[in-house]
Amino acid sequence: MFLMLLLIAGTMTVLMVRNLFVATMLLGIVSFTMALIFISLDAVDVAFTEAAVGAGISTVLYIGTLALVGSQEKERPKLALGPLVICVVVGAVLYYATYEMPEFGHPENPVQTHVAPRYVQESPTEIGIPNMVTSVLASYRGYDTFGEVTVIFTAGIGVLLILRQRRRKRIDAEKDAKDIPLDRNRDGKGSSLSGLGSNHDLVPHVIAKLLIPFIFVFALYVQFHGDFGPGGGFQAGVIFAAAIILYALVFSLDLARAVINEKAILFLISAGVVLYGGVGIVSMLLGGNFLDYNVLSSDPVAGQHIGILLVELGVGITVTAAMLAIFYAFVGRADLIEEAAQQGED
């Protein structure tokens with residue numbers, strides 16, 4: 001109850017504050033609180049994802065967006081009666097609908113009598129891995145997970161197409177630049193609106209060099225240990241991306257692009273989806289169904305292990321590339337706007 005009340009209080013505060021940076025930090029707190037709620041419900045895999053994506057990478061992407069729109073929300077009427085009425089009505093309908101739902105945690109719920117027993121009883125012999133969540137997501141529901149990976153791929157490509165348009169009309173660029181307050185000393189060198197990197201920040205440089213290798217090792221552990229504990233491709237992909245984003249935040253976006261540029265990201269974001277789908281096609285060529293891992297080896301359980309390992313690797317590659325594509329697009333566009341402003345002043 002305490003965590004639920006804290007979640008509601010944080011959400012209401014996000015709606016009330018006008019400073020977008022404060023709202024972004026509060027959203028990170030809300031996501032972390034939600035992760036704690038998932039842990040209390042024994043949904044450790046979901047909590048892992050919420051902490052990595054919601055409290056971690058999303059907060060960084062929101063901050064990158066603030067470089068484009070500014071940190072202060074525009075003034076608006078204090079009370080919008082129409083949206084308020086709609087929210088109250090929809091909330092009342094949803095609350096009323098909960099009375100038709102089975103009681104939470106009741107042993108006779110359909111999920112406890114039909115779906116869960118099938119996974120609990122058959123997964124150890126059919127899939128042969130300790131983490132039942134990975135069995136469900138990567139094997140039993142592998143086709144659904146493939147759709148989720150495709151959605152992530154589409155989101156990354158869409159952001160790149162929208163925000164990485166370098167050939168814009170100069171008048172539009174200058175107009176955008178006038179609406180954004182520029183702080184030329186934000187990065188310690190006076191050259192980047194994104195504020196990434198500084199030659200004078202010795203402590204962040206040293207700490208980042210110490211942390212980034214361990215972050216990569218931890219990401220590899222999460223990637224290849226998802227069969228035995230919480231983790232997998234989604235979580236590992238976000239952790240991989242977080243390490244590179246940390247490098248960009250501390251050392252500069254240009255140096256991060258020297259490590260992995262947009263062309264490499266486009267290749268990786270597609271390679272992950274192709275790897276996932278390719279496992280399904282190979283399964284069909286070997287006489288099985290799409291994403292039927294049993295045919296990948298003479299031993300069906302070994303085939304399941306091989307298939308899950310490959311599809312989770314595809315998920316990790318696509319998630320890493322998509323997160324980096326979105327981050328590069330937002331931060332890079334901010335630099336383009338300042339460049340246009342400087343050309344306008346000249």
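This report describes one helix, the largest nonpolar core and the surroundings of a buried aspartate in a predicted model.

Helix H5 covers residues 110-126, and its 17 residues reach 23 Å from the first C-alpha to the last, which is close to the 24 Å expected at 1.5 Å a residue. Within H5 there is nevertheless a kink of about 45 degrees at alanine 116, shortly before proline 117. The helix is followed by glycine 128, whose phi is positive, near 80 degrees.

The largest nonpolar core has 43 residues, of which Ile265, Tyr276, Val311, Leu324, Phe327 and Tyr328 touch the most other members. Two or more residues are given to this core by each of the helices H3, H7, H10, H11, H12 and H13, and H13, with 15 residues, gives the most. In soluble globular proteins, nonpolar side chains tend to be buried together.

Aspartate 227 lies in the loop between helix H9 (202-224) and H10. This aspartate counts as buried because its relative accessible area of 16% falls under the 20% cut-off. Between aspartate 227 and glutamate 312 there are 9.8 Å in space, C-alpha to C-alpha, although the two are 85 residues apart in sequence.

The table lists the contacts of valine 311 and aspartate 227, in each case leaving aside residues up to four places away in sequence.

| Residue | Contacts (heavy atoms within 4.5 Å) |
|---|---|
| Valine 311 | Ala138, Tyr276, Val279, Leu291, Tyr293 |
| Aspartate 227 | Ile129, Pro130, Asn131, Thr134, Ile308 |

How values were computed
Residues are numbered from 1 along each chain as its sequence is written. This is a predicted model: local features need pLDDT of at least 70, side-chain atom pairs count only at pLDDT 80 or more; totals for chains, interfaces and linings use all residues. Side-chain values use heavy atoms; hydrogens and water are left out. Helices (H or I, at least four residues) and strands (E, at least two) are DSSP runs, numbered from the N terminus. The expected span of a helix is 1.5 Å times one less than its number of residues. The bend at a residue is the angle between axes fitted to the seven residues ending there and the seven starting there. A nonpolar core is a set of buried Ala, Val, Leu, Ile, Met, Phe, Trp, Tyr and Cys residues joined through side-chain atoms within 4.5 Å. Buried means under 20% relative accessible area, exposed over 50%, partly exposed in between (1.4 Å probe, protein chains only).
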